Amino acid sequence: ASMLSLARNALTTNLIEPFYQPQVELASGRLIGFEALLRWRHPRLGLQLPGSVAAAFEDNELATSISDRMFERTIADMRHWLQAGLEFGHVAVNASAAEFRRDNFAERVLALLRAGDVPPSRLELEVTETVFLGRGSELVDRALNLLSSEGVKIALDDFGTGYASLSHLKRFPVDIIKIDRSFIRDIEEDPEDAAIVSALITLGRSLGLKTVAEGIETERQALCLTAQGCTIGQGHHFGRPMPAALAKQLIERWP
Ligand code: G
Ligand code: G
Ligand code: MN
Ligand code: NA
């Protein structure tokens, strides 16, 4: 069967789900939220990463269904955690440029939050700078401003690897910048990476933004970033992406 028909089938059989990766406040070690990452439990091939559904994302209708599924699931999980009295912070969900250009994307997300009784401030949207480029940018502008005015937080993902036009930070309602893991990997050995990361942290602080360092794999990287004043860390050092049930246990047990 083609990847498309497999993906269609995965949707109808509920095999596409968010995994949750913890985000930690570096200064205190507190758990402050999660990034939701799409995973597909393939019946024969096992757990698949988002790349494996890339073909499905090319198909408009299917991409919309997958996106809807991710928002439905993450909002349902947040609702469940809130009802259980668990303080999980926020959940960050990735949204592609195509998703933002869909009719009523913002309205649909806000309606799901309302229906689930989840405060919009619990949701973060991770976008890359490609959402600002090309055709349909008025739609993106509108969607971002509507979401932001309702309290949804906006994070710029993979910051520093794309166009990184600083005017985007001024023109759009950005709350958080995520420093790409390609800069973090060699931060202790490579003075250029260290300098770039330090500049991004300073930039974020001056603009009143939170900075998330991605792909932290060692204690030493975490310490180095904390010393530089980075606010939030994410990476295998703190935890790998995990199913909702395990994320719930993590919230309950985090020191
Ligand atoms: O999850 P990694 O584990 O492999 O994620 C790979 C890429 O897929 C990341 O760049 C991430 O932004 C993207 N991604 C993960 N989950 C989603 C999702 O639910 N929607 C979209 N649009 N992108 C996602
Ligand atoms: O592009 P985006 O930042 O949304 O995607 C995050 C990607 O980074 C996912 O594929 C996720 O599985 C991966 N990831 C998360 N933490 C780490 C880490 O500590 N090391 C590495 N190599 N990858 C990570
Ligand atoms: Mn991301
Ligand atoms: Na990223």
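Strands, which we'll need shortly, are DSSP runs marked E of at least two residues, numbered from the N terminus. The model is predicted, so local features need pLDDT of at least 70 and side-chain atom pairs count only at pLDDT 80 or more, while totals for chains, interfaces and linings use all residues. Residues are numbered from 1 along each chain as its sequence is written, ligands are numbered from 1 in the order in which they are written, and side-chain values use heavy atoms, leaving out hydrogens and water.

**Exercise 1.** Find which strand gives the most to the shell around ligand 1, and pick out polar contacts there.

*Solution.* Start with the neighbours, meaning residues with a heavy atom within 4 Å of the ligand. Around ligand 1, they include Leu 37, Leu 38, Arg 39, Asn 94 and Glu 99. Strand 2 gives the most, with 3 residues.

Next, look for polar contacts (here, pairs of N or O atoms within 3.5 Å). The side chain of Arg 39 has an N or O atom 2.7 Å from a ligand 1 oxygen. For Asn 94, the matching side-chain distance to an oxygen of ligand 1 is 3.1 Å. Glu 99 places a polar side-chain atom 2.9 Å from a nitrogen of the ligand.

Finally, check the cover: ligand 1 taken alone exposes 500 Å², and the protein buries 69% of that (Shrake-Rupley areas, 1.4 Å probe).

**Exercise 2.** Work out which residues hold the manganese ion (ligand 3).

*Solution.* Look for donors, which are N, O and S atoms within 2.8 Å of the metal (3.2 Å for Na, K and Ca); water is not among the atoms, so sites may look incomplete. You'll find Glu 35, Asn 94, Glu 126 and Asp 157, at 2.0 to 2.5 Å. Along the sequence their spacing reads E-x58-N-x31-E-x30-D.

Now follow Asp 157: this residue bridges the manganese ion and the sodium ion (ligand 4), and the two ions lie 4.3 Å apart. Glu 126 sits in strand 5 (residues 123-127) and Asp 157 in strand 6 (residues 153-159), 31 residues apart. Both Glu 126 and Asp 157 are buried (under 20% relative accessible area, 1.4 Å probe, protein chains only).

**Exercise 3.** Describe how ligand 2 is surrounded.

*Solution.* Of its 14 surrounding residues, those coming nearest are Gln 21, Asp 157, Glu 214, Glu 217 and His 236. Strand 2 (31-42) supplies the largest share of the shell, 3 residues.

Then try the backbone: an N or O atom of His 236 there lies 2.8 Å from an oxygen of ligand 2. Alone, ligand 2 exposes 520 Å², of which the protein buries 74%.

Key: Helix = DSSP H or I, 4+ residues; strand = E, 2+ residues; numbered from the N terminus. Buried < 20%, exposed > 50% of the residue type's maximum accessible area, 1.4 Å probe, protein only. Polar contact = N/O pair within 3.5 Å; in protein donor to acceptor, adjacent residues only side chain to side chain.
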